[in-house]
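Student: Could you walk me through this structure, please? I am new to it and would like to learn by asking questions.

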Amino acid sequence: MANRPPKGLNDPNTYIGYGKLMAQTGEFIAPFGHHPTAYFPVGYPFTLSVIKRVGESTGLWGYTPWSMKFANVVFSVVTVAALYIVASRLFGRRVGVGAAAVLALFPSQIYYSGTILSEPLSTMLATLALACLVLGADTDLITETPSEQAVESVSPRRWGREPLLAAGGVLMGLATMTRGLTVLFPAVVALW
């Protein structure tokens, strides 16, 4: 089942086509008609093009549904780890373990891991961005007092918090390039 290719004209086949053409031409063009387009965000097709190029250059895998679905599984696992970091930092280790366990067993998380859709990549990027922002905060975001982890890590930090905050911004930008809806996240944070 995991290696079964999608059939018909649907999002997975469109993503596969975009990724293949992007890997071959270096351009983001519509697979049906071969003209420039902005119908789909570029993030996921670009990721598929990287999977294709790396697989072909190393000879480790081909441009198959299995390789794309496996990448989505990896994205989902990283999302679970990032959620653990966020929840642990905000609410403690117990809550972090619980949140990560619930996400790891959440039916739609499992389902979308086995599809050729942009949801796992987008969720991973947004959750990693949030993890960077939370780790870069010098105060406890709930009580607005210096957090234990921030206080303990002030002296051994070599680079400060700016690289984490910058990485969070870059990751949120990449998430927005993968799913346009992510552009609303900064507004939600500002309101919060």
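Tutor: Let us begin with a term: two residues are in contact when heavy atoms lie within 4.5 Å. This is a predicted model, where local features need pLDDT of at least 70 and side-chain atom pairs count only at pLDDT 80 or more, while totals for chains, interfaces and linings use all residues. Residues are numbered from 1 along each chain as its sequence is written, and side-chain values use heavy atoms, with hydrogens and water left out.

Student: Leaving aside neighbours within four places in sequence, which residues does Ser88 contact?

Tutor: Ser88 sits in helix 3; helices here are DSSP runs (H or I, at least four residues), numbered from the N terminus, and strands are runs of E with at least two. At 14% relative accessibility Ser88 counts as buried, where buried means under 20% relative accessible area, exposed over 50% and partly exposed in between (1.4 Å probe, protein chains only). Beyond its neighbours within four places in sequence, Ser88 touches Arg93 and Gly96.

Student: Which helices do the buried residues of helix 4 pack against?

Tutor: Helix 4 has Gly96, Ala100 and Leu103 as buried residues. They cover an arc of only 65° around the axis, which puts them on the same side of helix 4; the arc is that of the directions from the helix axis to the C-beta atoms. The face turned away from this buried side carries the exposed residues Arg94, Val102 and Leu105. The packing partners of the buried residues are helix 3 (65-91) and helix 5 (107-113).

Student: How far does helix 6 reach from its first C-alpha to its last?

Tutor: Helix 6 covers residues 119-136, 18 residues in total. The expected span of a helix is 1.5 Å times one less than its number of residues, and for helix 6 that comes to 26 Å. From first C-alpha to last, helix 6 is close to this expectation, reaching 25 Å.

Student: How far apart in space are Tyr112 and Asn72, C-alpha to C-alpha?

Tutor: Tyr112 is in helix 5 and is partly exposed, at 30% relative accessibility. Leaving aside neighbours within four places in sequence, its contacts include Asn72 and Pro120. Tyr112 and Asn72 are 40 residues apart in sequence, yet their C-alpha distance is 7.8 Å.

Student: Which residue forms a salt bridge with Glu56?

Tutor: A salt bridge is a side-chain nitrogen of Lys or Arg within 4 Å of a carboxyl oxygen of Asp or Glu. A search of the whole structure finds two of them. Glu56 is partly exposed, at 49% relative accessible area, whereas its partner is buried, at 8%. Both lie in helix 2, four residues apart, and the closest N and O atoms are 2.3 Å apart in this bridge between Glu56 and Lys52.

Student: How many residues apart in sequence are the parts that Arg179 and Glu119 tie together?

Tutor: The side chains of Arg179 and Glu119 meet in a salt bridge, 3.5 Å from N to O. Arg179 lies in the loop between helix 8 and helix 9 and Glu119 in helix 6, so the pair ties together parts whose separation in sequence is 60 residues.
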